[in-house]
Amino acid sequence: MNLIYGNYQHDVGDAEVSISRDGLVSELGRMYAVRERWTVNGRLHGTSVSDVNSKVAALLAAYSVNGLDLYLSGSSHILRSSETINGTRVVLPPHFPKGNGAENSTFRSYTLAVEGEYAYTDRSVLLSWSESLSFTGTGGPVWGFLEVLNGPPQQQMFMQQSVVRCSQRGSAVCVPDSAHRNEYLGHWPPSPPIWPQWEHGDRRNITYEKPSDLYGKRTTSWAYEFSANVPLGAYPNASAGVVFHLG
């Protein structure tokens with residue numbers, strides 16, 4: 001077997017390949033991708049110093065490009081760029097850690113690594129979810145002090161009851177299903193307003209964000225404002241819902 005990256009072929013027996021696979025887990029404990037890493041330790045052989053130097057240059061040129069297939073001929077091991085989330089990446093360009101002995105005479109030792117991530121499931125995965133409620137006021141009386149020309153300020157009741165206000169804010173981050181990973185789609189739905197009868201609809205704010213990252217994560221943020229003439233009391237919504245598509 002020999003190792004091939006794109007159109008570049010390593011000499012048979014020159015490369016020792018180690019393949020590792022690690023699960024990527026969200027803060028909710030859900031696996032959303034598998035990172036596969038190929039670590040290559042090899043030795044280039046040549047008939048002379050100039051021959052070795054030309055092979056070093058060819059190796060550096062080959063692994064200066066991302067997004068190519070990497071595979072071992074004659075085996076089932078292949079890191080196919082088109083099947084990964086955002087293509088293969090040369091995460092450790094060829095470097096040459098050894099300089100002793102006859103290195104760079106008729107041979108040159110090198111190390112490199114290539115990675116790619118596979119979606120763990122075809123379904124959308126929720127990575128994180130949070131929501132908070134911020135209350136202002138209790139509905140109790142409004143009082144204060146009236147400053148007078150002579151004597152101490154006088155405490156006065158301005159209103160027997162006041163308005164209770166609350167802000168409901170939250171966000172959810174997900175990795176959309178494979179069909180929508182490279183589109184501006186596949187966001188997690190915003191949590192609904194807890195008290196729709198007291199909501200200021202004109203102040204509602206919903207944001208759908210597509211960060212520039214490797215996994216196509218989508219962030220949904222929501223903010224609602226409420227006013228009521230009765231005390232408000234509730235807990236944030238439970239983390240629930242299904243992914244929906246904009247458009």
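## Two sheets and two cores in a predicted model

Three bridges connect strands S1 and S5, and these two strands run antiparallel. That is a handy place to start looking around this structure, which is a predicted model.

Within this pairing, Tyr-5 sits opposite Leu-70 of S5. Zoom out a little, and S1 and S5 turn out to belong to an open sheet of four strands in the order S2-S1-S5-S6, with antiparallel pairing. Strand S2 (8-9) and S6 are at the edges with a single partner strand each, so one side of each has no neighbour in the sheet. As background, strands of a sheet pair through backbone hydrogen bonds, either parallel or antiparallel.

Now look for another open sheet, also made of four strands: its order is S3-S4-S8-S7, and its pairing is antiparallel. Here the edges are strand S3 (15-25) and strand S7 (89-95), each of which pairs on one side only. On average, neighbouring strands of this sheet are turned by 10° against each other, with direction ignored. S3 and S4 run antiparallel and are joined by 11 bridges. One pair to find is Val-25 with its bridge partner in S4, Met-31. Taken as a whole, the protein chain has one helix and 14 strands.

What holds the middle of the picture? In soluble globular proteins, nonpolar side chains tend to be buried together. The largest nonpolar core in this model has 19 residues, and Leu-3, Leu-59, Tyr-63, Leu-70, Leu-112 and Val-114 have the most contacts inside it. Two or more residues of this core come from each of strand S1 (3-5), strand S4 (31-45), helix H1 (49-62), strand S5 (70-72) and strand S8 (107-119). Another core lies apart from it, with 15 residues that include Trp-129, Ala-172, Tyr-224 and Ala-228.

Leu-59 is a good residue to click on. Leaving aside neighbours within four places in sequence, Leu-59 is in contact with Tyr-8, His-10, Leu-44, Pro-94, Phe-96, Tyr-110 and Leu-112.

Thr-88 is another one to try, in the loop between strand S6 (78-79) and S7. Is Thr-88 buried or exposed? Its relative accessible area is 2%, under the 20% cut-off, so Thr-88 counts as buried. With neighbours within four places in sequence left aside, Thr-88 is in contact with Tyr-5, Asn-66, Gly-67, Leu-68, Leu-79, Ser-81, Val-114 and Glu-115. The C-alpha atoms of Thr-88 and Val-65 are separated by 9.5 Å, although these residues are 23 apart along the chain.

Here are three buried residues side by side.

| Residue | Relative accessibility |
|---|---|
| Thr-88 | 2% relative accessible area |
| Cys-166 | 1% relative accessibility |
| Cys-174 | 0% relative accessibility |

The structure holds zero disulfides. Of the 247 residues in the protein chain, 38% count as buried. Among contacts between residues at least 6 apart in sequence, 71% join residues at least 24 apart.

Finally, a word on confidence. The protein chain averages a pLDDT of 86, and 88% of the residues score at least 70. Residues 240-247 have a pLDDT below 50, and this stretch has 23 contacts in the model beyond near neighbours in sequence. Where pLDDT is low, the predicted coordinates should not be read in detail.

Key: Residues numbered from 1 in each chain as written. Predicted model: local features only at pLDDT ≥ 70, side-chain atom pairs only at ≥ 80, totals over all residues. Heavy atoms only, no water. Core = buried A, V, L, I, M, F, W, Y, C linked by side-chain atoms within 4.5 Å. Buried < 20%, exposed > 50% of the residue type's maximum accessible area, 1.4 Å probe, protein only. Contact = heavy atoms within 4.5 Å. Pairing = 2+ DSSP bridges. Axes fitted to C-alpha atoms, helices over the stretch in contact; angles between N-to-C directions. Disulfide = S-S within 2.5 Å. pLDDT = per-residue confidence, 0-100.
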